[in-house]
Amino acid sequence: PPHMPPASPSGSSRPPLNPTPSQHSLNRPEIQFPNLPTLRESPQSEREQLFLKKLDLCSYVFDFNVATQKRAKDIKRQTLLELVDYVNTPAGQAIFTEAVMASVVKMVKENVGRSLPPTKDDFDPEEDEPQLEPSWPHLQVVYEFFLRFIVSGAVLAKTAKRFIDQNTCLTLINLFDSEDPRERDYLKTILHRIYGKFMTHRSFIRRNVSNIFYGFVYEKTRHNGIGE
């Protein structure tokens, strides 16, 4: 298995969003991921365990603020693309067991659950260029995979609500403040699908979206995702 750094107190292995590159981080050895076979070429009986291993690989979060680990970053991206492609097949739809659902949501949270960088006080969304998310080459495919997971007919709300819980919804709602319009567009689509599929979360989602609106209107706080 790849070498994993110590977890932070919150339980996430994600490095700080904007760390100062140190000589130690620049000289860190290349991450060595296991050489896993493709899902389509593996026996049907082994695919679920292989799928779980690939989800675990994709849970490793890289620092895109330094130009290192290029090969490992590419392996993760290709693995994410393979997962997206596989779940579009009938065999891929059937792989969403309870064990896999838990690992899917864990992988998504590891990648998207992060603190957003502060917006500049003089930032004008009408004139200034937004601060694009440096990890978008991975993040985009994570969002795409999560969207395919949510809309899958094999993912039943009564089972999946144990994993896509209120905490997951709140994480997504808080990310609407991202400056990156590409991320906000995915969040809008995903939250809309969750709202439609998980009736038990609807009042929670409405209440927390309302709280953002109240803060924006009455406290004059800045928020990048009001439109979405």
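Begin with the contacts of the whole chain: among those between residues at least 6 apart in sequence, 78% join residues at least 24 apart. With the full chain still selected, keep in mind that this is a predicted model, and colour it by secondary structure to find 10 helices and 0 strands, which follow one another along the sequence in the pattern α-α-α-α-α-α-α-α-α-α. If you switch on the surface, its accessible area comes to about 12,700 Å², of which 52% belongs to carbon and sulfur atoms, while 42% of the 228 residues count as buried.

Next, select residues 98–112, which form helix α5. This helix has 15 residues and reaches 21 Å from its first C-alpha to its last, close to the 21 Å expected at 1.5 Å a residue. Show the side chains of its buried residues, which are Val-100, Met-101, Val-104, Val-105, Met-107, Val-108, Glu-110, Asn-111 and Val-112. Which helices do these buried residues pack against? Add α2 (47–58), α3 (70–86), α6 (136–151), α7 (157–160) and α8 (166–174) to the view, for these are the helices against which the buried residues of α5 pack.

From there, move to α3, a helix of 17 residues that reaches 24 Å from its first C-alpha to its last, close to the 24 Å expected at 1.5 Å a residue. The buried residues to display here are Ala-72, Lys-73, Lys-76, Thr-79, Leu-80, Glu-82, Leu-83, Val-84 and Tyr-86, and what covers them includes α2, α4 (90–93), α5 and α6.

Now go to the loop between α2 and α3 and select Gln-69, which is found there. Gln-69 has a positive phi of about 60°, although it is not a glycine. Is Gln-69 buried or exposed? Its relative accessibility is 8%, and Gln-69 therefore counts as buried, since the cut-off for that class is under 20% relative accessible area.

For the last stop, select His-223, which lies in the segment after α10 (202–218). His-223 has a relative accessible area of 18% and is buried, because that class takes in values under 20%. Show the atoms around this residue and you will find that the side chain of His-223 reaches the backbone nitrogen of Gly-225 at 3.0 Å. Leaving aside residues up to four places away in sequence, His-223 touches Phe-176, Asp-177, Ile-212 and Phe-216, and displaying these four side chains together with His-223 completes the tour.

Methods:
Residues numbered from 1 in each chain as written. Predicted model: local features only at pLDDT ≥ 70, side-chain atom pairs only at ≥ 80, totals over all residues. Heavy atoms only, no water. Helix = DSSP H or I, 4+ residues; strand = E, 2+ residues; numbered from the N terminus. Expected span 1.5 Å × (residues − 1). Buried < 20%, exposed > 50% of the residue type's maximum accessible area, 1.4 Å probe, protein only. Contact = heavy atoms within 4.5 Å. Areas by Shrake-Rupley, 256 points an atom, 1.4 Å probe, with all protein chains shown as cover. Polar contact = N/O pair within 3.5 Å; in protein donor to acceptor, adjacent residues only side chain to side chain.
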